[in-house]
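Hi,

Here is the structure I promised to pass on to you. Please open it alongside this email, and my notes follow below.

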Amino acid sequence: MGGPLQGHIMRQRARGGDQAAGKARALGRRGGGSTGRQQAATSGHDFKNGLDSLFTPTRPLIMGIINLTPDSFSDGGMFSSPQAAWRRARQLLAEGADILDLGAESSRPGARPISSAEEKKRLLPVLKRLRRLAVPLSVDTYKPDVAEEALQAGARMVNDITALRDPRMRALAARRRVPVVMMHMQGTPQNMQAAPRYREVVADVRRELLAAARKAEQAGVPRKNIILDPGIGFGKTAEHNLLLLQNLSVLVATGYPVLVGPSRKAFINAVLGGLPPSARTWGTAAAVSLAIAQGVRIVRVHDVKEMKMAALVAAAIAQGRLPGREKTCPRS
Ligand code: HH2
């Protein structure tokens, strides 16, 4: 951990930020054993006003992953039936998820792309069932027609691993005025890990994301709806991922909210060795904690219960105060 993180924490303190506390209050209110619907009702952010509810008060948000795929790298086939997805959604809500991200096409290295028709067949029945949970649902897709139908079916947010590369995605995001995650990827899932190459990975990813955000804004996407994501594992070596995670504060300093998805990814295994994805929880917790300490707003994770605890403690340490003792801090 170097200068940028230290500097960020000092700046956060000086500003009297309050990242941990709002979420911790919500968690405290919930207690154990309540239903997903009850929890969603108390979570206090419904995205009705774009991303405003993310910022007053500021707090780390946990995006729980639900992969409706047979071939995802860590949980392929586990939640692909509507019944299994429903049970998983209820579990993740009970564990404290703030947003659920539904993905119907795997983006692991070498994954076989699927047609829009196949993606919708996997996604839409589950989405229509989960929307009654009244928690914001995000759809993880880069296909405009899939995103469009998902929004019509109740999704409130689009997570695009190609950073709105397709102009029809930009037009859709502009028209529907929903929050959009713009993730950095070098290449495509089919070729991205062949030979990732950067001049200077942190600066390159920052520049390319800012260029993509500018294009989106020119197409009419409101700035307040744009969330940036460095795309851990997407066209990056293990060292690239470590440098990006070390320097998340550089992306945070752009002023856009930042989301990061280190969950169970291969860079953890590159450090620790010999661990299948399901055994990478502690490594994920380290990455989540350092990300939150640098000002990251949202973490996309499989292990919600564990990452919720890690994120809240990391945020409390970064702020230097107990949850609930913060002043509200609207986005300036
Ligand atoms: N990672 C994955 C998928 N979508 N979206 C964002 N914004 N950021 C990420 O880091 C990210 C993402 C890959 O993880 P997973 O969904 O678990 O696996 P798979 O792509 O194999 O389904």
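Below are my notes on the ligand site, one helix and one residue in that helix. Please keep in mind that this is a predicted model.

Let me start with the ligand. Its shell is made up of 21 residues, and the closest are S72, S106, S107, R108 and G261. The elements that contribute two or more residues to this shell are β1 (61-67) and β5 (180-183). Sorted by class, the shell has 10 polar, seven nonpolar and four charged residues.

Next comes helix α6, which runs over residues 116-130. From first C-alpha to last, the 15 residues of α6 reach 20 Å, close to the 21 Å expected at 1.5 Å a residue. The helix has a kink of about 30 degrees at L123, shortly before the proline P125. The kink residue L123 is itself among the buried residues of α6, along with E119, K120, R122, L124, V126, L127 and L130. Those buried residues are covered by elements including α5 (82-94), β2 (99-103), β3 (137-140) and α7 (144-152).

Finally, a look at R129, which also sits in α6. Is R129 buried or exposed? It counts as partly exposed, because 15 C-beta neighbours lie inside 10 Å, and a residue needs 20 or more to be buried. Setting aside neighbours within four places in sequence, R129 is in contact with P82 and W86. P82 is 47 residues away from R129 along the chain, yet their C-alpha atoms are separated by 7.9 Å.

Happy to talk any of this through.

Best wishes

Definitions and conventions. Residues are numbered from 1 along each chain as its sequence is written. This is a predicted model: local features need pLDDT of at least 70, side-chain atom pairs count only at pLDDT 80 or more; totals for chains, interfaces and linings use all residues. A residue is near a molecule or strand if its C-beta atom, placed from the backbone, lies within 6 Å of it. Helices (H or I, at least four residues) and strands (E, at least two) are DSSP runs, numbered from the N terminus. Ala, Val, Leu, Ile, Met, Phe, Trp, Tyr, Cys and Pro count as nonpolar, Asp, Glu, Lys and Arg as charged, and the others, Gly among them, as polar. The expected span of a helix is 1.5 Å times one less than its number of residues. The bend at a residue is the angle between axes fitted to the seven residues ending there and the seven starting there. A residue is buried if 20 or more other C-beta atoms lie within 10 Å of its own, exposed if 12 or fewer, and partly exposed in between; C-beta atoms are placed from the backbone. Two residues are in contact if their C-beta atoms, placed from the backbone, lie within 7 Å.
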